[in-house]
Amino acid sequence: MKHAKRFLAMLLALCLLLGLCACAGTNDEPKNSDTPSEATGQDEPNTSAPDNSEIPLEKTVALILQPGGLGDEGWNDASWAGLQRMMKERGIGGITVETSATADTEFFIRELAEKGYGVIYCLDTSVIPTCMQVSSDYPDSIFVYPAKLSLDANVGNTYWMWYQLNEIGFMAGVVAAFVATDGNEIVDYAGQNPGCKLGCIFGADGAGFYRYADGFAHGAKWVNPDAEIVYDYTAGYTDTANCQTIAENMIKNNQCDVVWTCCGTAGYGGLQACRLNGALGIGVDSNQDMVEEGYVITSGMRMMDHDIEFVIDKWLAGTLEGSNDMFDLASGSVGITDMSVIEKHVTNKENFERLKAKVAELGARITRDYEGRDLLLVSILKGSVVFM
C-alpha cells in the first residue's frame, strides 16, 4: 500500500509537471508570444522572448496568466510585453504559465516555488488565495499580486499592487454619460436613444468590480445626474457569447447607448453586440479601441507593461519587499485612451471637442497632489467613492 501511494503521488506530480511545461515551457524553453504588435495597444510587444537557458531561476519571473491566456489584447498581453522588455534590458528570465481546471492549484503553485523562481507574479485572481497560503513556506520567492484591498504595508515576501480602479471607472463613466446624454452625440450611427442609459458588464461579483462600478457611477452622475446604469456579470472572463447576449439585452431592452465591457476577453462579444445593435462600447485593461473600430469610444486601462517593469526594477534593486506603492492616474498607471480611433469616425466635431475638454479637466483635477486636489476618490472594499 505504501508503494502504491508513493507511485500515485509520483504519477500525479509527473502529470502536473508535464501540464505546466506544456503551458509555459521550461526555463530552457520559455513560452513565446505569437500575438501581433497591436496586442497591447500600448508599446509594441516582442514576438519572441530572449533565451533563458543560462539564467538561474532565482533571477526568473514566472507570470501566471489570467484565464484566456496570451492573445487577449489586454491584461495578459500587456504584462507579457513588459516582462519581455525587462528580459532583454535587465537580463532576467521569464516564463508564462496557466493554471488548469483539472490541476491541484496548491501543487501547481508549490511546484513553481519549489523550483526557485525569484518572482511569482500572479495575474490570475482566482489563484491568489492559494499563493497567500503557501507563500510563507517559500521565503526566497516574492509573490506579486496586481490587486489590493487595503493600504496596509506589504510584509514578508508578498507585494500587493494598489490600483485605483475607481479612477479608471470614473473616467470611463464621464465619457459614457457625456455621449449618451441627449444632444451630446458624437456619431450619427450609434447611441441615439433618449435619456442617458448605460450598461456595465463585469467578470465577477467582487470587491475589485465594486470599485470599478462605483467609480463609473460617480463619473456618470458627475456629468449627468439623471444617468441610469444597468449592471450584469459574465461569471468569467472568456465566454464571448454570454457577454454578447448580456450586451444585446442591455441595448435592446434597456436602451443603453453605451456599454462598458469590463470582463476580460469575454468583452469582445459585448463590443461586437454594440456594433451590431447601434450602441457604443468601452474597452478594458489596455487599448481595445480598434476591436470594433468606430464603435469603441475609449478603453479603461491599467498600464500593466510599464507597471511590471516598475516592480521588476524594485525587485532587482532589493527594495520591493515591504514597499507600498500606489498605481493611479497621477502615476500614469491607470487611465483611458486618447480616443484617437473613434475621432476618425466622429460626425459631430463640436461635441467631441467638448468631450475631450471635459476628460482633460477632470483628469487634471484627479491627478493633482493629494494636499491640493479638490476632487479625491477613495475606494475601500465595496468601493465607496467620496468627493471632497
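## The cavity and its lining

In this predicted model, the residues that line the largest cavity divide into 1 nonpolar, 5 polar and 2 charged. The lining is made up of Gln66, Asp72, Gly74, Trp75, Gly264, Thr265, Asp285 and Gln288. The volume that these residues surround is about 30 Å³, and a search of the whole structure finds 1 cavity of 30 Å³ or more.

## Helix α8 and its surroundings

Helix α8, which spans residues 267-276, is mostly covered, with 7 of its 10 residues buried. The buried positions in α8 are Gly267, Tyr268, Gly269, Gly270, Leu271, Ala273 and Cys274. These buried residues pack against one helix, α7 (240-254), and against the strands β9 (258-262), β10 (280-285) and β11 (296-302). After α8 comes Gly278, a residue whose phi is positive, near 70 degrees.

## Cysteines

A disulfide is a covalent bond between the sulfur atoms of two cysteines. A search of the whole structure finds 0 disulfides. Cys196 is in no disulfide, and the cysteine sulfur nearest to that of Cys196 belongs to Cys256, 9.7 Å away; a pair would have to lie within 2.5 Å to be counted. Cys196 is itself buried, with a relative accessible area of 4%.

Cys262 is likewise in no disulfide, its nearest cysteine sulfur being that of Cys263 at 7.1 Å. With a relative accessibility of 3%, Cys262 also counts as buried.

## Salt bridges: the α2 and α9 pair

Side chains of opposite charge can pair when their charged atoms come close. The structure holds 13 salt bridges. One of them joins Glu309 to Arg85, with the closest N and O atoms 2.6 Å apart. Because Glu309 lies in helix α9 (residues 304-317) and Arg85 in helix α2 (residues 75-90), this pair ties together parts that are 224 residues apart in sequence.

Glu309 counts as buried at 15% relative accessibility, and Arg85 is buried too, with a relative accessible area of 14%; both values fall under the 20% limit that is applied to buried residues. The pair also belongs to a wider arrangement, since Arg85, Asp305 and Glu309 are linked in a network of salt bridges.

## Salt bridges with partly exposed partners

A salt bridge is also formed between Asp137 and Arg110, whose closest N and O atoms are 3.0 Å apart. Asp137 is placed in the loop between α4 (128-134) and β4 (142-145), whereas Arg110 is in helix α3 (residues 105-115), so the pair ties together parts that are 27 residues apart in sequence. Asp137 is partly exposed, with a relative accessible area of 43%, and Arg110 counts as partly exposed at 22% relative accessibility.

The side chains of Lys356 and Glu343 meet in a further salt bridge, with an N to O distance of 3.5 Å. Lys356 belongs to helix α11 (residues 349-366) and Glu343 to helix α10 (residues 340-343), so this contact ties together parts that are 13 residues apart in sequence. Lys356 is partly exposed, with a relative accessible area of 26%, and Glu343 is partly exposed as well, with a relative accessible area of 28%.

Methods:
Residues are numbered from 1 along each chain as its sequence is written. This is a predicted model: local features need pLDDT of at least 70, side-chain atom pairs count only at pLDDT 80 or more; totals for chains, interfaces and linings use all residues. Side-chain values use heavy atoms; hydrogens and water are left out. Buried means under 20% relative accessible area, exposed over 50%, partly exposed in between (1.4 Å probe, protein chains only). On a 1 Å grid over the protein atoms alone, a cavity is a set of points where a 1.4 Å probe fits but cannot get out, and a pocket is an open set with protein on both sides within 12 Å along at least five of seven lines; lining residues have an atom within 4 Å of a point. Grid points are joined across faces, edges and corners, and a volume is the space filled by probe spheres set on the points. Ala, Val, Leu, Ile, Met, Phe, Trp, Tyr, Cys and Pro count as nonpolar, Asp, Glu, Lys and Arg as charged, and the others, Gly among them, as polar. Helices (H or I, at least four residues) and strands (E, at least two) are DSSP runs, numbered from the N terminus. Contact means heavy atoms within 4.5 Å. A salt bridge is a side-chain nitrogen of Lys or Arg within 4 Å of a carboxyl oxygen of Asp or Glu.
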